[in-house]
Structure formats: C-alpha cells, structure tokens
Amino acid sequence: MAELNLGAAAPELFLFLGGCALLLLATTRLSGRLLLHGANLILAGAALLLWLAWPAEIGAAFSGLYEVSALTAMLQMGILLATIGALSYSGDYLAQRGMLTGEYLALGLFAATGMLLLAAARHLLALYLGLELMSLSLYAMIALRRDDVRAIEAALKYFVLGAIASGLLLYGISLVYAATLQLELPAVAAAAADAEARGVLLAGLAFIVAGAAFKLGAAPFHMWLPDVYDGAPTAATMFIGGAPKIAAYALAIRLLAGGLEPLVEEWSGLLASLAVASLGVGNVIAIAQTSVKRMLAYSAISHMGFLLTGIVAGSEEGYAAAMFYAFVYALMSIGGFGMLALLSRADAEFEMLADVKGLAKRNPAAAALTLILMLSMAGIPPLAGFYAKLAVWSAAVGAGWTWLAVVAGLFSVVGAFYYLRVVKLMYFDAPDGDAPAVALRGPYLLLAAANGLLIILLGLFPGGLLRACQLAFG
Amino acid sequence: MLSLLIWTPIFGGLATLLLARDESGLAAAKFLALLTALLTFCISVLALLLFNPNLAGMQLTVDIPWITALGIDYALGVDGIALALIVLNCAVTALTVLAGWNVKRQPGSYLAAFLLMCGFVNGVFSATDAALFYVFWEATLIPLFLVIGVWGGERRVYAAIKFFLYTFCGSILMLVAFIWLYDYLGSFDILLMHRSYIPAEAQPWIFFAFLAAFAVKIPMVPVHTWLPDAHVEAPTGGSIILAAIMLKLGGYGLLRLSLPIVPDASVEYAWLLVALSLVAIIYIGLVALAQTDMKKLVAYSSVAHMGFVTLGTFIFSELGLTGAVYQMISHGFISGAMFFCIGVLYDRMHTRNIGDYGGVANTMPRYATLLLLFAMANAGLPGTSGFVGEFMVVLAAVKANLWWGILAATALITGAAYSLWMYKRAIFGAVANDRVRALKDVDGRELTVLAAFAALVLLFGVWPLPITNLIDVSVAEIAAQVARGKL
C-alpha cells in the first residue's frame, strides 16, 4: 500500500493551517474585511495547489485512506471555488451583523477542509471524519450569533437532526463492515459482490442511503432543511447551500458508486423513490411559500431530486451528469442566496417574496441576475440549469429509467411556476410605495455580474465542464 | 448564412437593450432596432436567392460540434418549407418593429424583445439538431413571456404565466422523446432520425410526446385555451408575433419531426388529428362568432385557421401538405395584419369591445378600406392569400374523404360570417359616439405597415407560384417519407 504521502493532501493541509493562522490573527486588531480577504486568499492558494498537482491517474495515499484521482480533484476544486464564492458574497452582510470575525471565517475554512477530505475519502472512516468535520463547523457557523433566537433554533435543529443522520450513517457503515469485514471502499466493493451475509449488507445499505439522503436533504429526510435554511443568517445559508451540496454528492458517490456498486440494483430503486419524493415535496410545497428563503430551501430539495435522478442511472454517464448538476446547482444556489444577502440591510432582512416586488425598477442589475438565476433553476435553455437537467435525464433514459425522466420533467413544469412568480414580482409588479431603494456596491455588482455571466457561458458552452465530469469517471 | 440570420437579430437586440438604458440613447436604439430588423430581412432574401428550390434535402448547411459530451452539434440547414417560414418571420418582425414604434413604456426593451424572438425563431426553423432545436424552441418563450407580462393588459400576469406553463409542459415531453431517440440512435441529428428505423411499439409514444408540444403551440382543440387569454392581454406587437409566428412553430414541428420521424404512428392516429382539426374548424369558428372582444374574435379565428393546417398535414397528400404550408404563411400575414388593425383602433380608443365602435368608416376611410381587405382575406375570399391555402386543403380533404371536405368547407361560411359581421358592426353604420367622431385616420407609419401587409396578402392571393415553387420539393419529400413508412 502507498506510504505516507503528505503531498497528496497539500490543499487540505494548507487550508487547515490557514484556518489555524486565521484563528490566531483573529485575536489581533486586524479588521474583519482584511481577514475575509485572507480567507479567500487561503482558499485560492489551496485551489492553486490542487491545480498544480492535478493527478493524471488514480492512486491512493495515507495507507489507502485517501484517493488521488481526477474525480477527487474535480470535486475538491468545485468545493473550493464554491466556498470562495459564498464567502465573497457575504462580506457586507456579515459585517453589518457583527459576524465578520476570524472565528466565522476559520470555521468556514475548517468546514471546507472537512469537505475536501470527504471528497477524497477512499476509506469509510476517512469519509466519516470528513463529514463530521464539515458538519460540526457548519453547526457552529449558524449559531455564531448567540443572541439571535432564530439562528440558535436553526443551529440546534441542524445539530440534532444532523447527529441522527450521522448516527444512521455510522450504523450503516458498521453493518457493512460486519458483512464484508472491510473498510476500504474498493475492498468493500469486492467483498460485497459475493458477501454471504447479504441481509446484513442490505440493512447497512438502507441505513447508508438514509444517512446520505439526510445530508443531501432529499425527501422524506428533508424536514430539517427549510427550517435551517430559513433560520440561519443568510450568509450561512448561502454557505450551506453551496459547497456542502457538492460534498453531499461526493458522500453519495463514494458510498454508493464506490463501495456498494455491486448492490446497484438495490439502491437505484431506493434512490428513485427518494428522487420522486424530493421532486414532489420540493416543487409542490415551494409554491405555498411566502418567503424567498424558504422557497429556495424547498427548491433545493427538488434539485436534489434531479441530482438523484442522475445517480439512479447507476452508470458512469449518470454519475458524471449528477456531478455536473451538483456544480451548476452550487453556482445557482450561491447566486440566489447571495442576492438575498446583498439586498439585505443592517436593519432589514431581504427575504420575503413581498420584498422582491418591483425589483426591476429599484435595482435593474440585481433583477437581471435574479432573472437569469430563476430561469436557469427552472431549466430554461440556453442557461446552465437546462444542460444539468438534460444531462441527468439523458443518463436516466439511457439506463432505462424513462418513467423517472418523465416524472422529473413534469415536476420541472410545476417548478417553473414558482420561479416565474419571482420574475413576475420583479418585472410585472410595481414596487410598494414604501419599499426602500436598494443598491449594490461596485465589487458586489461585479461579483453578481460574473455569477450571471458564468451561468450564461455554461449555458452556451457546457461541453467542457461536462466532458471533464465524464473523464473524471473514466 | 443561417447563423447570420439567427445571430444578427440577437446581437442587434442586445445592443438595442444596452443603448436604450437611458433616455438620450432611445432614439438611436429605435433606429438600431429597425435597422437590424431590415438587415435581417435582407439577409433572409439573400438566403432565398442562394437557395435552389429544385434540390431535395437540406441546403446552406452548417455543422459544428458543440457539446460533444452530450453529442450535440450546432447543426443548421433549411429546406423550402423552413426557408419560406424564415422569410415570413423576418418580414413580420420588421413590420412589428415598425408597428411598436410608439409604445409608451420602455420602447427600447420592447423592440429588443422582438429582435431576440426573431433570432430564436429563425433558430428553430433552421436547426437540424434536436437538442439545438429544443434550445431555440424554449428560448422563444422568454421574450414573449416578458412582452406579455410587462406590456400587456390588466390580466397580463395570469395570461403570461398560463402561456408559459402550457407551452413548457408540452415541450418537456418532446424533450424526453428527443432523449429517448438520442439513447436509441446515439445522436441528436434530426436527419438521422428521419432515416432511421424506429420500432413500432415506440412510435406512438414518440408521436404523442411530440404532439403534446406541437398541439399546445398550434394550438389544437382542446389545449387551445391559453391562446385567447394570451392574445387579449398581449400588446399589439406581442399579438402579431404570437399569431403570425409562434403558432407556425407548432405546424412546422409536425412537418419537420412528427411526420418524418414517426410516419407509421402518424398514419395510425391521423383519424384523431383529423377529427380534432375539424372540431377546431367548425366549433371554434362558431365560438368566434359569439365574441364581443375583437382580439378574442381574431384569436379564435386563428385557432380555426390553424385547424386547416393540421387537417392538410394529416391528409398526407402533396396537395394537403402544400395547402397546410401555404395556409401557415398566408395566416401569418393576415392574422398579423388583423391584430395590427385592432391595435390601431385600440391605441386611439383604448377599448377592444366591438360594441364601443360603429361608423368608423366615416372618420377613418383609408383604414376602413384596408381592414375590409384583411377581413375578406380572413374569410378566405378568392383573390386573397387566405383563399389559396384553404382551397388546397379543402380540395385535398374532398379527395381523401368527401365528408371531411364538406365539413371543412363550412369554415368558409362561418369565417365570412364572423369576419364580416365584426366589420359591419364596428366600421359601417352611423357614427356611434363622440369618441368615434374624434378618431383620426391612420398616419404614414401605420399606413406603411398596413400597405405592406395588404400587398403581400394580394400578391400571394393571385400569384401563389413563388411559394409553391419554393416548397414543392420539400413537401414531396415529406409525403414520400410518410407513404414509405418505417416498418
């Protein structure tokens, strides 16, 4: 087995040390904004390290705990970039609420470290370690403002339900270990193919699927998601809605496509029912929401339904499509919550549908970006969201899941309704008389424009990223 | 060439949008929009000259790999039918830009939306890759959705969202059918789909998935209910584009996709389509008779006229198909002109209720003359383009089944009834009230638009040869594909 190879984990180590340094610096008089730039630089540095050492072939490090591969690198790059995006959007929002501190940023970096580890895991324990490092950091990020009742409630809900999910996952892992006597994922896969204790293995699979669904926020394990998204400070919601979704995808892929590949017949059926439930619950309940934050939360559930549709296919094409979906979704989700964070002011959160009214008149640039986001989420070509959907449907049909693609298609029509309602509020309705004017500061305008442009560019030329996703799976 | 037809109006539209951001650039933006529209039209005429109507198959083709990961190409090409519709689209867009010149609210964005529309629609007509076709197909929804929603009437929000969701729902099923075909054939190439064998048990599924998209767009009974709502709430320009262009996308889809890809299912379920077409022609014609709102009346008459298109298509004879295409083009001009005429009155009186008018001929003689021509054309009077298409379809129907022909021919009577009755009530008679007395006749800009429409309606009424020559070979190809079948 491979020897101790610190170079393989250079981005993680860099990120972790950077987080520690940030904690130390937080005790000095350095301003929060400076620390934010520092955090972004550290993340960018980690991304650069990753880029320089892009692996050409699959290997292992740390005695098989850690996978070195293009798949790992792709996922890690996505996580790092999504984290940078989420932190960049949240500067003003955090500063206005006194949350722009070294602690928040360091927690963000630790969460990112956990996600990177999760993405690289080749061993069930490494996987669990990464997951917990990510989750515990996220709980703390939400709860950082200890006098904010809603945030505390959200953090507690997230913690309790997240702990249950971790428990389920761990129990599932232990059952799989009992059935296969292996913890390394390739070895688990080899042993699972002809395990004698098939009943135990299947029970383990059920627990693992439930745990992963919890982390993804797929129905019927979605109960925590709307409350947490809604209660958390918008900046934290944005953080949770971006990179951790890619990490949750990595979790599902490592466990199901990696370790339990031989049971694909069993888990694809399970995932299909989760996908249909998520599509239904997410799209239908989103219609009834009056808060944009909650609406986006339910839309997140529905997007996980689409993402699962890709994994259900159980083919390399399907995994790649789901990966593309996770990246595109992170981009859209960060943009959506980012808008809410940018349009919020120190004394007033921007989160209800009524706040959106007449936005096209009050701030044309923000309205234009939101228009792009909403149409992309609804899956209207030629925007990135459409190709994400096209790719997962194509994979699902290719694997014989035509009915699932049809169901997903019809639910995307239901989804289009509530996205269009936002467009309607922005463009067709006049602003309320007392609605405050909203402005975007220069750098944020640039960021929003870049985000919108990226969605359009990925819509016009999705080929490159899609191809990269497919290559990551061989 | 075809790329130019798609991207000129799109970039022109975006430039207009940028230019119109402040008041000072508004005039320039308007002229840029008009210039772009005219330029696009000129390019389409150039394409017409380069096109050889005697050759079968696609011409002016482009094929560039685009999204290799999903096997999608940027593939364009036109046959006679597509090119005829592209020229129609470019001509109507130019007239629409002129018609929308004096819109009060944000005229720059308004005109830009039509230019974007024009580019997307040209994309639909020229795409020979199914995924590209779908991209353009859906993209057309966005500008029209915004046009109805921002510049529309009182219930515009309801109408815009209903329009969007109806068409989106149909399109998604078409997309799934495309994906299935991609999985089966390994390519999104429409021409490959034309040539390839499709198993008998899959054909009905694909046929109905396509039908869901096209029937909503055309629209056919019973999924036509979005159209009157959308028309009534849309601003004048939106109505013109909707009736003249958007409805043709559905008819084009049937000819380009349904018939050649799943010919056997098309033949098997032709009875259903013929029945629905006859219902549209007869029943919707009667519904139009009962309308008091001018726009609703013309909207229902559009549904009835599109019934001829589907009837002609599903008779499968060359005559029927030629009639269907001819009817599409002629209806583009006539319905566009009708909606513009209603817009002219609405701009002055702010009502579409027929009862509010009367005796308009006394105050607007020039307008009344031209409207009479369009009303006659709408009724299918010989000598106008409306007659040619309907006559061909009725003739084809009589050859196929005498009763179909007789039932379809009744439309000539109901058509005359609702068109001329509306004309009589609104235009003839004594001056109804002071507001009508104060009406001013059409100005130079309006007259230009109306005269252009009138010239086209009369030209293609007495001289159908340019169009039939252009589409003959393509129509024969489709008829042969259906006759041959795939099983």
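**Group meeting talk: a predicted two-chain model**

Let's start at one loop. B:Pro222 sits in the loop between helix H9 (203–217) and H10 of chain B. Helices here are DSSP runs of H or I with at least four residues, strands are runs of E with at least two, and both are numbered from the N terminus. The bond leading into this proline is cis: B:Val221 and B:Pro222 are joined with omega at about 5 degrees.

Quick ground rules. This is a predicted model, where local features need pLDDT of at least 70 and side-chain atom pairs count only at pLDDT 80 or more, while totals for chains, interfaces and linings use all residues. Residues are numbered from 1 along each chain as its sequence is written, chains are lettered from A and ligands numbered from 1 in the order in which they are written, and side-chain values use heavy atoms, without hydrogens and water.

Chain A has a cis bond to show as well. It runs from A:Pro381 to A:Pro382, with omega near 0 degrees. A:Pro382 falls in the loop between helix H18 (364–378) and helix H19 (384–398) of chain A.

Next, backbone angles. A:Phe62 is not a glycine, yet its phi is positive, near 50 degrees. Look for A:Phe62 between strand S1 (59–61) and strand S2 (66–68) of chain A, in the loop. Is A:Phe62 buried or exposed? A:Phe62 is buried, at 16% relative accessibility. The cut-offs, with a 1.4 Å probe and protein chains only: buried is under 20% relative accessible area, exposed is over 50%, and partly exposed is in between. A:Leu181 also has a positive phi, about 60 degrees. That leucine lies in the loop between H7 and H8 of chain A. A:Leu181 is exposed, with a relative accessible area of 60%.

Now the annotations. For chain B, UniProt places "domain: NADH:quinone oxidoreductase/Mrp antiporter transmembrane" at residues 127–413, from an unreviewed entry. UniProt positions follow the numbering used here, feature names are shortened, and annotations may be inferred rather than shown by experiment. That chain B span is 80% helix and 0% strand, and its end C-alpha atoms lie 39 Å apart. For chain A, the unreviewed UniProt entry puts the feature of that name at residues 121–410. There the end C-alpha atoms are 36 Å apart, with 80% helix and 0% strand.

On to the inside. A nonpolar core is a set of buried Ala, Val, Leu, Ile, Met, Phe, Trp, Tyr and Cys residues joined through side-chain atoms within 4.5 Å. Which members of the largest core touch the most others? They are A:Tyr249, B:Tyr367 and B:Phe374, out of 387 residues. Helix H15 (residues 316–343) of chain A gives the most to this core, with 21 residues. In chain B, domain 1 (1–263) and domain 2 (269–487) both contribute, so the core lies between them. Those domain bounds come from an automatic or database domain assignment.

Salt bridges next. The rule is a side-chain nitrogen of Lys or Arg within 4 Å of a carboxyl oxygen of Asp or Glu. By that rule, there are 23 over all chains. Take A:Arg198 and A:Glu266, bridged at 2.8 Å, N to O. A:Arg198 is in helix H9 (residues 198–216) and A:Glu266 in helix H13 (residues 264–287) of chain A, so the pair ties together parts 68 residues apart in sequence. A:Arg198 is partly exposed at 36%. A:Glu266 is partly exposed too, at 28%.

Chain B next. B:Arg155 bridges to B:Asp229, with the closest N and O atoms 3.8 Å apart. B:Arg155 is in the loop between helix H6 (141–151) and helix H7 (156–185), and B:Asp229 is in helix H10 (residues 226–233) of chain B, so parts 74 residues apart in sequence are tied together. B:Arg155 is partly exposed, at 44% relative accessibility. B:Asp229 is buried, at 12%.

Last stop, the surface. A:Leu136, A:Leu156, A:Phe159, A:Val160 and A:Ile164 form a nonpolar patch, with about 450 Å² of accessible area together. Helix H7 (residues 149–180) of chain A gives the most to the patch, four residues. One of the patch members, A:Leu156, is exposed at 53%. A:Ile164 is partly exposed at 44%. Thanks, everyone.

Key: Patch = residues over 30% accessible without salt bridge, like charges linked within 9 Å, V, L, I, M, F, W, Y side chains within 5 Å. Areas by Shrake-Rupley, 256 points an atom, 1.4 Å probe, with all protein chains shown as cover.
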